[in-house]
Amino acid sequence: LLHSVYLLNISVHSAIGMTLQEAHTGIKPDLLPLRVFGSRVLCKVPGKISAKLDHHVYKGIFIGYGATDKHIRYRRAVRPT
């Protein structure tokens, strides 16, 4: 729901010729944090700090956002990389 509202706010509105966020704040929205569903992602391994030669990231496929745009949901590959 949060992601769909965010997309609605950064879409160009035909009546005013700008995004709703731009009309409210006067600043154009940043589109860099948006990810395409199904794209490949690399996610940091949570928890304790691992040793130098341990795996530090997991490969996965992006399937959505969590509670905020900083937290993503992904389907992890079988093996870490």
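## A buried charge

A salt bridge is a side-chain nitrogen of Lys or Arg within 4 Å of a carboxyl oxygen of Asp or Glu. Keep that cut-off in mind for glutamate 22. The model here is predicted.

Glutamate 22 sits in helix α2, which covers residues 20-25. Is glutamate 22 buried or exposed? It is buried, and it has no salt bridge. The nearest side chain of opposite charge belongs to lysine 28, 4.8 Å away. A salt bridge has to fall within 4 Å, so a distance of 4.8 Å does not count. Leaving aside residues up to four places away in sequence, glutamate 22 touches Ile27 and Lys28. Lysine 28 therefore touches glutamate 22, because contact means heavy atoms within 4.5 Å.

## The sheet

Now to the strands. Three of them form an open sheet, in the order β1-β2-β3, with antiparallel pairing. Strands β1 (40-44) and β3 (72-76) stand at the edges. Each has a single partner strand, so one side of each is left without a neighbour in the sheet. From one strand to the next, the twist averages 60°.

## How the strands pair

How many bridges join β1 and β2? There are five, and the two strands pair in the antiparallel sense. One pairing shows this link at residue level: cysteine 43 has tyrosine 58, in β2, as its bridge partner.

Strand β2 spans residues 57-65. Five bridges join β2 to β3, and these two strands also run antiparallel. Glycine 60 has arginine 76 of β3 as its bridge partner. Isoleucine 61 stands opposite arginine 75, also in β3.

In a regular strand the side chains alternate between the two faces of the sheet.

## Phenylalanine 62

Phenylalanine 62 has its place in strand β2. Why does phenylalanine 62 count as buried? Its relative accessibility is 1%, and buried means under 20%.

Which residues does phenylalanine 62 touch, not counting those up to four places away in sequence? One group is Arg35, Val36, Phe37, Gly38, Ser39 and Val41. The others are Ile72, Arg73 and Tyr74. Valine 45 is not on that list. Phenylalanine 62 and valine 45 are 17 residues apart in sequence. In space they are 16 Å apart, C-alpha to C-alpha.

Terms used:
Residues are numbered from 1 along each chain as its sequence is written. This is a predicted model: local features need pLDDT of at least 70, side-chain atom pairs count only at pLDDT 80 or more; totals for chains, interfaces and linings use all residues. Side-chain values use heavy atoms; hydrogens and water are left out. Two strands pair if DSSP finds at least two bridges between them. Helices (H or I, at least four residues) and strands (E, at least two) are DSSP runs, numbered from the N terminus. Axes are lines fitted to C-alpha atoms, for helices over the stretch in contact, and angles run from 0 to 180 degrees between N-to-C directions. Buried means under 20% relative accessible area, exposed over 50%, partly exposed in between (1.4 Å probe, protein chains only). Lys and Arg count as positive and Asp and Glu as negative; His and the chain ends are not counted.
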